[in-house]
Amino acid sequence: SNFTAMKEISAMLQREWLMEIRSRSSVAGLLLYAIAAVYVVFLAAGKISSAEFWLAALWGNGLFVAINTTMRAFQSETSGVQLYLYTLVSPRALILSKTLYYTCLVAALNTLSLLFFLLFFGSDLPAGASHASIFLSVLIGSAAMGSVLTFVSGLAYRASQGMSLLAVLGFPVLMPVLLSVVKMTKAAMISDSVVSDPYAFTITITLAILSWVLSLVMFPYLWRD
């Protein structure tokens with residue numbers, strides 16, 4: 001039933017959170033990486049002279065934060081843990097909880113990274129750029145990237161190929177998302193609205209939804225294997 005599914009998803013989200021608390025160094029390391037990357041750009045460039053360079057630095061950093069975050073989604077699921085979870089929850093509850101958790105985590109880390117970009121390079125934004133619109137575009141873009149990469153991470157995990165398959169599949173699958181996200185953020189930076197480029201906005205949302213649908217459809221079959 002729907003109530004049982006909600007209980008399973010809630011329990012799995014609590015499990016993910018407890019595991020995160022026990023290994024605080026992992027998230028701290030990702031955040032430190034994001035901040036260090038921003039600071040290196042600041043030391044190297046000092047000033048960002050164009051909106052394109054601003055976007056390249058922002059999403060170049062965001063891309064690697066997303067990949068390094070989502071590759072941990074299934075690393076702790078050994079065969080013993082997998083068998084144990086198989087007896088407790090449905091495959092859809094498992095993949096939904098993983099996708100929801102890591103989508104939110106990627107969005108949170110990239111939003112914090114954006115804060116440091118604004119701290120170091122906020123004065124280099126185009127005149128009249130809205131910080132609120134940029135934040136919203138980063139949230140939407142990060143959520144799309146997180147959901148797509150969690151789905152690919154699940155495929156790599158069930159194929160028993162480790163992170164090598166994630167590296168092979170991740171970039172080609174993520175390229176359409178990344179391109180639409182950059183265009184959406186650029187439009188938000190110039191015109192104070194994330195929907196001022198409706199094509200990029202629609203593609204970003206569509207690809208995010210598609211990754212959720214594919215996860216729900218494909219993961220139960222992969223789980224049985």
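Start with α3, residues 51-70, and helix α6, residues 131-158. Their axes come within 9 Å and cross at roughly 35 degrees. Axes here are lines fitted to C-alpha atoms, for helices over the stretch in contact, and angles run from 0 to 180 degrees between N-to-C directions. Helices are DSSP runs of H or I, at least four residues, numbered from the N terminus.

Before I go on: this is a predicted model, where local features need pLDDT of at least 70, side-chain atom pairs count only at pLDDT 80 or more, and totals for chains, interfaces and linings use all residues. Residues are numbered from 1 along each chain as its sequence is written, and side-chain values use heavy atoms, with hydrogens and water left out.

Back to α3 and α6. The crossing is right-handed; that is, the near helix is turned clockwise from the far one by less than a right angle. Who touches whom? Contact means heavy atoms within 4.5 Å. From α3 we have L58, W59, G62, L63, A66, I67 and T70. They meet S137, V138, G141, S142, M145, G146, L149, T150 and S153 in α6. The split is eight nonpolar, eight polar and no charged residues. For the classes, Ala, Val, Leu, Ile, Met, Phe, Trp, Tyr, Cys and Pro are nonpolar, Asp, Glu, Lys and Arg are charged, and the others, Gly among them, are polar.

Next, α5 on α6. These two pack at about 145 degrees, axes 8 Å apart. This crossing is right-handed. On the α5 side, the contact includes K98, Y102, V106, N110 and L114. On the α6 side, it includes H131, F135, V138, S142 and T150. By class: eleven nonpolar, nine polar and one charged.

Now the cavity. How many cavities of 30 Å³ or more does the structure hold? One. A cavity is a set of points on a 1 Å grid over the protein atoms alone, where a 1.4 Å probe fits but cannot get out; lining residues have an atom within 4 Å of a point. Its volume is about 30 Å³, taken as the space filled by probe spheres set on the points, with points joined across faces, edges and corners. The lining is L58, W59, G62, N110, S113 and V138. α3 gives the largest share, three residues. By class, the lining has three nonpolar, three polar and no charged residues.

Last, helix α1, residues 2-22, against helix α5, residues 91-121. The angle is about 45 degrees, and the axes are 9 Å apart. That makes α1 oblique to α5; oblique covers whatever is not under 35, over 145, or 65 to 115 degrees. α1 passes α5 in a right-handed crossing.

Note on methods. On a 1 Å grid over the protein atoms alone, a cavity is a set of points where a 1.4 Å probe fits but cannot get out, and a pocket is an open set with protein on both sides within 12 Å along at least five of seven lines; lining residues have an atom within 4 Å of a point.
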